[in-house]
Structures are given as structure tokens and as C-alpha cells.
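User: Hi! Could you walk me through this protein and tell me how each label is earned?
Analyst: Gladly. Here is the structure, and then please ask away.

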Amino acid sequence: MGDLLLVRHGETEWSRSGQHTSWTDLPLTGRGEEQAKSLAPLLTDRTYALALSSPLDRALRTAELAGLTGVVPDPGLHEWDYGGYEGITTVDIHRTRPGWDLWTDGVPPGPEGHPGESPEEIGARADRVLARVSPALAEGDVILVAHAHFLRVLTARRLGLPPAEGRLFQLATATVGRLSTEHGRPVIAEWNRRP
């Protein structure tokens, strides 16, 4: 069985400021582009049975700058739909909703086409992605280039945890996580790795 490599995209203006960013398709900052390029030594010495990316530019550009080839955009890897909290920081949300927690409370609906996702809904989406990549993992390593909250939920689900337990796995920009197996069980082999 291969390893599942998880790559968070490089820095954007909103990842730097802490604004929730799901459908807003922001480009990488100059620093984010340099971060993405720096990932190449960690990623290009492997052969992948499958390479997928979120269809958003920040993820696709990270994959490109990191030297990955044959990457297929997959809408299942889109970031958590933050609904009405798109572009808003947690600090700002707490001004009107003290104690709010994304992992347990979810988000309010946003504009048309962006109803927001509950922790259970994003967990179900992560489960679908894991089911899709499972046959490829039987053949070798799989790499997913995506977004922090989605990859955190996917990690929780891969480890057999509820979606909300993704809160336990902080994931910095332009880092690599590697989920492997030990004695037939999924494990975290590396996390937040940088060159």
C-alpha cells in the first residue's frame, strides 16, 4: 500500500490575514510562490499512482511550482464552503458570535451557490475522496494538493476519527503531510514538513 501525501497550497493574502477562503479564487502571494517552489525536493523524487488537486488556482499553481506533473483537478478537493463567513476572520466572527467554532458549529449560508458546509457534510466529501483514491493507493503513492481545513478533515477521516477531530491537525501553508500505514492501520508518518 502506498502513502497518501497531502500538500497545502502556498500563502495567499487571505491565508496570511486569517480570512476564511473557500470559493474566492485568490492567487498565491510572491512568498506563496516561493514556498511552493521550495516543496519540489520533497515531492518530485517519487512516482505517484494518482495526483489530484483542488481546481482552485492557489492549489493548481502550488502543484505546478512544486514540479508535479500529471495533476488532475478534482472538485472534491475544494476547500470547506464557509458560506456567509467567506472572507471573514475568526476574530471578527467572535465579535458577533462569541464561542463560535467551525469544527462544531459549521457556518451560516452565504450567497447563492454557497450554502456553506457542516462538519458532517465536509466529512462525507472527504470520505468520497478517500474512496476514490483507495484503488490507486493499492498501486502506489497518491498526492493531493488542496486546502487546510479540507485536508485536516480528510486526515481525521483517514484515521477513523469524526470530521470535527480535524481540529487536532494544524496545517501550515506550503507544507507536506504523509499518511501511511503501520500494522495495517492508517497513521500520520509526517506532518507540516517543509524543506
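User: Which residue does Leu 52 stand opposite in S3?
Analyst: Leu 52 stands opposite Val 72 in S3. Keep in mind that this is a predicted model. Leu 52 also has a position facing S4, where it stands opposite Leu 144.

User: What makes S2 and S3 paired strands?
Analyst: Pairing needs at least two bridges between the strands. S2 and S3 (residues 72-73) are joined by two bridges, so the pair meets the requirement of at least two. The two strands run parallel.

User: How do you know that S2 and S4 pair, and in which sense?
Analyst: Here there are five bridges between S2 and S4 (residues 141-146), and the requirement is at least two, so they count as a pair. The sense is parallel. One of the facing positions is Tyr 48, which stands opposite Asp 141 in S4.

User: Why is S2 called largely enclosed?
Analyst: A residue is buried when its relative accessible area is under 20%. Five of the six residues of S2 (residues 48-53) are buried, so the strand is largely enclosed by the rest of the structure.

User: And what makes S4 mostly covered?
Analyst: By the same cut-off of under 20%, six of its six residues are buried. Asp 141, Ile 143 and Val 145 point one way from S4, while Val 142, Leu 144 and Ala 146 point the other way. Residues on both of these sides are buried.

User: Which strand, besides S2, is joined to S4 by five bridges?
Analyst: That is S1, which runs parallel to S4. Leu 4 has Val 142 as its bridge partner in S4, and Arg 8 stands opposite Ala 146.

User: What is the strand order of the whole sheet?
Analyst: The order is S3-S2-S4-S1-S5-S6, in an open sheet of six strands with mixed pairing.

User: Why are S3 and S6 said to stand at the edges?
Analyst: Each has a single partner strand, so one side of each is left without a neighbour in the sheet.

User: How many helices go with those strands, and how do the elements run?
Analyst: There are eight helices and six strands. From the N terminus on, they run β-α-α-α-β-α-β-α-α-α-β-α-β-β.

User: Why is helix H8 called mostly covered?
Analyst: Buried means under 20% relative accessible area, and nine of the 11 residues of H8 (residues 148-158) meet that. Among them are His 149, Phe 150, Leu 151, Arg 152 and Val 153.

User: Against which elements do the buried residues of H8 pack?
Analyst: They pack against strands S1 (4-8), S4, S5 (176-182) and S6 (185-193), and against helices H6 (102-105) and H7 (119-137). After H8 comes Gly 160, with a positive phi near 85°.

User: What makes the phi of His 183 worth a mention, and where is this residue?
Analyst: Its phi is near 55°, a positive value in a residue other than glycine. His 183 is placed in the loop between S5 and S6.

User: Is His 183 buried or exposed, and how do you know?
Analyst: Exposed means over 50% relative accessible area. His 183 has 69% relative accessibility, so it counts as exposed.

User: Why is Asn 192 called partly exposed?
Analyst: Partly exposed covers the range between the buried limit of 20% and the exposed limit of 50%. At 24% relative accessibility, Asn 192 therefore counts as partly exposed. Asn 192 lies in strand S6 and has a positive phi of about 55° although it is not a glycine.

User: How do you know that the overall fold agrees with a compact globule?
Analyst: With 195 residues, a compact globule would have a radius of gyration near 16 Å, and the protein has 16 Å, so the two agree. The C-alpha atoms fill a box of roughly 50 × 35 × 25 Å along the principal axes.

User: What share of the residues is buried, and what share of the contacts is between residues 24 or more positions apart?
Analyst: Buried residues make up 52% of the 195. Among contacts with a separation of 6 or more, 67% are between residues 24 or more positions apart.

User: What can you say about the exposed area and the charges?
Analyst: The protein exposes about 8,700 Å², with carbon and sulfur atoms supplying 51% of it. There are 20 positive and 26 negative side chains, and the centres of the two sets lie 4 Å apart.

Definitions and conventions. Residues numbered from 1 in each chain as written. Predicted model: local features only at pLDDT ≥ 70, side-chain atom pairs only at ≥ 80, totals over all residues. Heavy atoms only, no water. Helix = DSSP H or I, 4+ residues; strand = E, 2+ residues; numbered from the N terminus. Rg over C-alpha atoms; globule rule 2.2 N^0.38 Å. Buried < 20%, exposed > 50% of the residue type's maximum accessible area, 1.4 Å probe, protein only. Contact = heavy atoms within 4.5 Å. Areas by Shrake-Rupley, 256 points an atom, 1.4 Å probe, with all protein chains shown as cover. Lys, Arg positive; Asp, Glu negative; His and termini not counted. Charge placed at Lys NZ, Arg CZ, Asp CG, Glu CD.
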